[in-house]
Amino acid sequence: MNSQVPPEKPMLIALSGKCCASTPFWFMRQAGRYLPEYRKIRDTAGDFLDLCYSPDLAVEVSLQPIRRFSMDGIILFSDILVVPDALGIGLRYVEGEGPKLDALERDQPIPSYEPEKFLDHLTPVFETLKGLSAIAPSGTTVIGFAGAPWTVAAYMIEGGTSRDFAKTKTWAFEEPDSLTTLIDLLVETTSDYLLAQVEAGAECVQIFDSWAGVLPETALHRWSLAPIAEIARRIKKDYPHVPVIAFPRGAGLSYELFARDPNITALSLDPTVPLAWAAQTLQPHVTLQGNLDPHYLVCGGAVMREEAERILDALSGGPFIFNLGHGILPQTPPEHVSELAEIVLGWKG
Ligand code: CP3
């Protein structure tokens, strides 16, 4: 399917639609607070955003999990909210509370997009990717990423995380045309951002739509699927060989529509997706990635092994990358991550 795939990179082989001798794996949020060596750097770096914008430290933090667990994928260390930050929306991370943004109101103008200024602000991210491509172990694949327009818009509108995204949803339902202006801006900026990541060395990209699942069916098509499909189209137009992984968390049966989009290469499954259905309905069209509930990784031991093997058994018959169904939790014991890596490496189907 893809003649440009270097044969030594298992993750790219899986993303080209082929099965690998041994299942490639990486874990969402594999760099982070569950690792003592991350906390050490985090404590000295100052603010979390300073860490994201310090290429040397960001390279180091991206590599930390690879040194311990030899994942096949190395994800850029950054955050989805650097996009609103680069658009000039005030952003800070409050210890124990998460991100806080200057919330966007309906009667406020949508921020304007000045591509040069925007990409200039994100230069440290591209420097991190260049550093990673230069020193990533030879079999590993460098993963770039961005948030999907819906999820990033939701943080911009709520001003942070939210239980029900009420403000964003009522805006979407009552004034869809005005929300379209914001979503279109984010399609534009996110496409340019991901293209620049590819130019800096990202070998594939993942688009995180963490809050796709709060939308009912038709709204999900409009606000999650359509913007992601447009970003994927723009990436594929310039870089047809670069795989695009979409993660529409909580999309349920609508995962099938993502699978049928010609520009989406792979789908990251959340833990609720039934595996037999995914193998039958999605895997003929796309590579699958997922979907161990991160709480199993907190538990470790036999319960984790049983669940990981159930996933490997169900999805290894087609192109598949083992991962979690959402990010690693901060309370995860690193030894459990070693155990899981061994389960995946030792799995013989
Ligand atoms: O290792 C990796 O996966 C790469 C780094 C990465 C981070 N955030 C670092 C981070 C990635 C891929 C993300 C994506 C991200 N960020 C998402 C999408 C995935 C998901 O989890 O749903 C979202 C919604 C965000 C926004 C965000 N950033 C929140 C809600 C929070 C606070 C919650 C938390 O875990 O603290 C962050 C902060 C954040 N992003 C941290 C890290 C390592 C913790 C900050 C710290 O070190 O204090």
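Q: Hey, which residues come nearest the ligand?
A: In this predicted model, the ligand has 22 residues around it, and Arg33, Tyr38, Asp79, Ser210 and His326 come nearest.

Q: Nice. What does the side chain of Arg33 do with the ligand's oxygen?
A: An N or O atom of the Arg33 side chain is 2.6 Å from an oxygen atom of the ligand. There is a backbone partner too: a polar backbone atom of Ala31 is 3.0 Å from a ligand oxygen.

Q: And where is Asp79 relative to the ligand nitrogen?
A: A polar side-chain atom of Asp79 lies 2.7 Å from a nitrogen atom of the ligand.

Q: How much of the ligand's accessible area does the protein cover?
A: On its own the ligand has 870 Å² of accessible area, and the protein covers 89% of that.

Q: What is the shell around the ligand like by class?
A: Thirteen of its residues are nonpolar, five are polar and four are charged.

Q: Switching to pockets: which one does the ligand take?
A: The ligand takes the space of the largest pocket. Helix H2 (36–45) and strand E3 (98–101) are the elements that each give two or more residues to the shell around the ligand.

Q: How much space is in that largest pocket, and how many residues line it?
A: About 1,400 Å³ of space, with 47 lining residues. Arg29, Arg33, Asp79, Pro99 and Ile328 lie nearest the pocket's centre.

Q: Which element gives the most to the lining?
A: H2, with four residues. Other elements giving two or more include strand E2 (91–94), helix H8 (149–158) and helix H14 (294–299).

Q: And the lining by class?
A: The lining has 23 nonpolar, 13 polar and eleven charged residues.

Methods: Residues numbered from 1 in each chain as written. Predicted model: local features only at pLDDT ≥ 70, side-chain atom pairs only at ≥ 80, totals over all residues. Heavy atoms only, no water. Near = heavy atom within 4 Å. Polar contact = N/O pair within 3.5 Å; in protein donor to acceptor, adjacent residues only side chain to side chain. Areas by Shrake-Rupley, 256 points an atom, 1.4 Å probe, with all protein chains shown as cover. 1 Å grid on protein atoms, 1.4 Å probe; cavity = no way out; pocket = protein on both sides within 12 Å on 5 of 7 lines; lining within 4 Å. Sits in = over half its atoms within 2 Å of the grid points. Nonpolar A, V, L, I, M, F, W, Y, C, P; charged D, E, K, R; others polar. Points joined across faces, edges and corners; volume = space filled by probe spheres on them.
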